[in-house]
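Colleague: Hey, got a minute to walk me through this one? I'd like to start with the surface and then go to the charged pairs.

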Amino acid sequence: MRATTRVLLAALLLGLGLAFGAGTALADGPGLGSAQTRIETLGPIQQTPGQHSITLSVRLTGADSRPVPGARVSFFVLTTVFGDRLMKLGDALTDTTGAASLVYTPGQVGVQTGVARFAGDDHYPAAQTTFKFDALGPVERHHNAEFGLETVRSGLPLAIGGLVLVFWGLLGFVALRTVRGIPAFAGASSPRVPARMPLPVPAPEHGRAFPARRMAAALALLLVVVAPVAWWQLNGGSGSSGGVSLSTGSTRWGTNDHAPGMEAAHESKRVQLPDKTFPATLVETTPAMALGPEGNLSAASANLPADVAMLDGKTFVLDTNRGRILGITGDNELSPVMEGEWTGEASLRGATAMTTHEGRLYVPTVGGENVLVIASYGRVEGAVQPVMPKSRKPVNISGIAVTRRGDLLLSDTANRRVLRFDRDGAFLDTIGDADSTAGEAGLLGPAGITLDDAGNLWVVDTVGQAVKQFSPEGDFLRSVGAGLLGEPRAVAVSRRGDIFVTDDSAMAVLAFAADGSYLGAVGAGGPAGSDPQLQAPHGLRVDADELYVMDRFAGLVVYRLP
Amino acid sequence: MVAIPHSERVDVNAAAVKPILQPGQLFWMLAALFGLIIFAGGVAYMQQFREGLEVTGLNQRVTWGFYISDMVFFIGISYGGALTSAILRLTGAPWRAPLTRMAEAMAVVSLVIGGLFPIIDLGRPENMMNLFLYGQVGSPVLWDVVAISTYMATSMVFFYLPLIPDLAYCRDHLGPAAGRLRHIVYSRLSLNWRGTSRQKRLLEQNMTIIAIAIIPLAVSVHSVLSWLFGVTLRPGWNSTIFGPYFVLGAMYSGVAAVILVLAGFRKAYHLEAFIGAQHFKNLANILLVLGVGYGYFMFAELLTEGYKMDGFVHEEGPGALLHELMQGRYAALFWSFVTFGLFIPVALISIPKTRTIPGIAIASTLIVVGMWLKRVIIVVPSMAAPIMPVEWATYWPSKVEVAITLAAAAAIPLGLMLFFRIFPIISIYEMEEAAEAEAHRLAPHPAEEAH
């Protein structure tokens, strides 16, 4: 018996040891033991007193100890509230030295555990590192507003606090008095509460006080009806619930790690561009944002311009945040051509797209109420008022194209569709009104659009991370750039059929051949990249052999195409 | 003294414990339905918990949406329930007896539901800890939590005290039909209540203390809640009238909710013998005064708003928020509330022909829905209004927010149904006290007899 006990005990210990070992191995994360890729912290990570944030910096090196540039490193912090979990802080791309940095504002004080993780790609295996840092917590950012009743104000919290204590005291007094007094005053004469007439107690249902069968039936009903829905939801659903897939402009808050859906979303945004440069040469740059003597934006300066258009040999810039059109002067400077209305349904503030047709600029308002028709000298010659079909969300126009016969095409990002109107604004039909269930043909976040010489419509799908081609009739033809585009914004097609796409996350214009093959990047840069011409490329146009890129920060950048 | 007919007493007893012993088919069907809705809300919350507030319609500009509207609404409902009961108790209104239990239970349930919303709105619930770690005594947020927790504790005591004699009654008279678990609850919580005169005197004193205390407390809860908005410089919120405006609004919706609860349980458990048309008419009188008062407050608030907003929001253009409410993007919501939440209910309870139980119940339904809408109108447009010279922000609630809101709305009737599976739905003790007081009032006075 003793021998058997000893054998069992030994087996138990062995099992526990194996389980612990396996668990530790799993906890190490992907490829921790790999000697081919290394990720290490850069210098001591420590919050400096007076600073409300900490810069988390790591370096990623390959097998030959050379830095790995352009790799996406994810940073996490270990949170212990509600159990140990990794809370994702964000992603950062490594620069040419292999360094990736993320600024983190800690919400908790004390020593914390951070994790930096590289998920791996075709060339480098995954790697991760953990590190400790001491968070001092947020800097005091609350300052009491001064006002006349400072004495009252300083005493008021104390007075109210005292009042709250009085209330709690009263509550405690009543509770104590009840709990102690009532049993004490029970007396012995009356063993039961007097009932003036006995209560006709009915027989319990089904002979039992607790109707277990009914409860079980109700629970079964719950499970049968709700479980499939719950399973579907927990497995990511259609992607349409909660507007997850439409969050192009929203801030991501409270993203908790260990979420399969979110991991999938991050995976889908992870783009590794081949190290390939498209042979376009930089011609000139027109800075868009100019500061005046007081450090404010000057009157002629653009404020985050979003698009560019060529008309009558002139170049026009859409000054998005100021709602107006600027022209480029002979001195390569910006000059207002059309000052728009500040508010109202004809205001161009927030508009991010424009195009040309029959010698006029066509600029839609962001809400789609009007498409202003503007002459090259700045006069508003008219407005088309598109009759919008019913929409689930407020319309958000972020792309425009005009066909040869004058039909208007407007991309509505919020409602995931491209709308076609006749030249008078009458609604004709919808292209790509779909969701994630529509597969490749569906549009998840249509943004910039353009027409090629054959009349085919090219739609940038910011959320779907691809550019989609539709026939002039609106039939889906093909998808270009999937797997390479991160956050595409606008598209242009050259005469020879090359497709150029601005990509915000790559900070570059990506070029594709007519057959969809990747040709390389133009103006690619990183946080400390080698070619920092583009920072936030948005609108673009191909004019003859020149590529015009409207960068929201860097200004208008012109390249000569080969 | 006139003897109280035995049959009436027995009816009260039997009716009060009927939901405990014989909940009926309807209970299980409704419990399954509400459970389903709550489960869907739970799934939605889990999605939000996993993925963050990204799954909501909240954004950088509109950081308060459905959740904060729900918090204000549900806490307001609670406030109305507690205050109705407390005022009727202190004024000694004899007709209150069959209503108080349901009003107090509703106050507790809706407060618990409403109190969850700030945590739901945080996205990451652990951030609630920051309130204690970095709380500022000058911030209404801190005082809001203090006020709500104090009010919650007081509401529970307020609900519990008049329950003690009924628990003792259940302990002594329900027998094995109530089940072992309930018997333990009754025995422990009834505190050896025997109905002696000293026990009654002590209970009455304690109930009076709490009834007095809960009135300023309830006023403070909704006032502090209103100051969360009122002390900011946002257009539409920076108003001195917000404290009383919120308090009145809470009472308006709370009394309407009490009427709905009464109408629902009266129908479901056949309590017509105890809750009559006069009860509804009395509550409708209160509702009428509150409705007219709320309309006046709203007018006064918007009138001053109209002048104050001129040129404030935009570099050009008149009172933008007021314009958007009256004629702009929120006009449909605003006028829906004015029409269906204010004018029609007030008309329904004013006109004698519609001043019936169904008419009052319809008016109350409109008020409850309308007041929720009003909370959305208070919260969202002011958040969406630009305080810099930029465009209006947009907010569109997501399915997750809608599901969680519906789950909260379903949790209140389900919570009450479950409450009354354990505790008597009508206060037997108060019904007997009221009956005896009435008998005493009707009894011929000895001095009069001598004449």
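Modeller: Sure. Keep in mind that this is a predicted model. Chain A exposes about 27500 Å², and carbon and sulfur atoms supply 58% of that area.

Colleague: And how much of chain A counts as buried?

Modeller: Of its 562 residues, 44% count as buried.

Colleague: How many helices and strands does chain A have?

Modeller: Chain A has 4 helices and 31 strands.

Colleague: What about contacts between residues that sit apart in the sequence of chain A?

Modeller: Take the contacts between residues at least 6 apart in sequence: 49% of them join residues at least 24 apart.

Colleague: Can you show me an example residue? Where is Thr105(A) found?

Modeller: Thr105(A) is in the loop between β5 (99-104) and β6 (110-118) of chain A. Its C-alpha atom is 6.2 Å from that of Ile54(A), although the two residues are 51 apart along the chain.

Colleague: Why does Thr105(A) count as partly exposed?

Modeller: Because its relative accessible area is 35%, and partly exposed covers what falls between under 20% for buried and over 50% for exposed.

Colleague: OK, switching to charges. How many salt bridges does the structure hold?

Modeller: There are 26 over all chains. As background, side chains of opposite charge can pair when their charged atoms come close.

Colleague: Which residue does Arg89(B) meet in a salt bridge?

Modeller: Arg89(B) pairs with Glu430(B), at 3.1 Å from N to O. Arg89(B) lies in helix α3 (residues 66-90) of chain B and Glu430(B) in helix α16 (residues 428-442), so the pair ties together parts that are 341 residues apart in sequence.

Colleague: Are Arg89(B) and Glu430(B) buried or exposed?

Modeller: Arg89(B) counts as buried because its relative accessibility is 10%. Glu430(B) counts as buried too, at 4%.

Colleague: Which residues are linked with those two in a network of salt bridges?

Modeller: Arg96(B) and Glu104(B) are linked with Arg89(B) and Glu430(B) in that network.

Colleague: Got any other salt bridges in chain B for me to look at?

Modeller: Try Arg50(B) and Glu51(B), whose side chains meet at 3.7 Å, N to O. Both of these residues are buried.

Colleague: And what distance do you get for the salt bridge of Asp172(B) and Arg171(B)?

Modeller: That one comes out at 2.9 Å, N to O. Asp172(B) and Arg171(B) are also buried.

Notes:
Residues are numbered from 1 along each chain as its sequence is written. Chains are lettered from A and ligands numbered from 1 in the order in which they are written. This is a predicted model: local features need pLDDT of at least 70, side-chain atom pairs count only at pLDDT 80 or more; totals for chains, interfaces and linings use all residues. Side-chain values use heavy atoms; hydrogens and water are left out. Helices (H or I, at least four residues) and strands (E, at least two) are DSSP runs, numbered from the N terminus. Buried means under 20% relative accessible area, exposed over 50%, partly exposed in between (1.4 Å probe, protein chains only). Contact means heavy atoms within 4.5 Å. Accessible areas come from the Shrake-Rupley method with a 1.4 Å probe; for residues, only the protein chains shown count as cover. A salt bridge is a side-chain nitrogen of Lys or Arg within 4 Å of a carboxyl oxygen of Asp or Glu.
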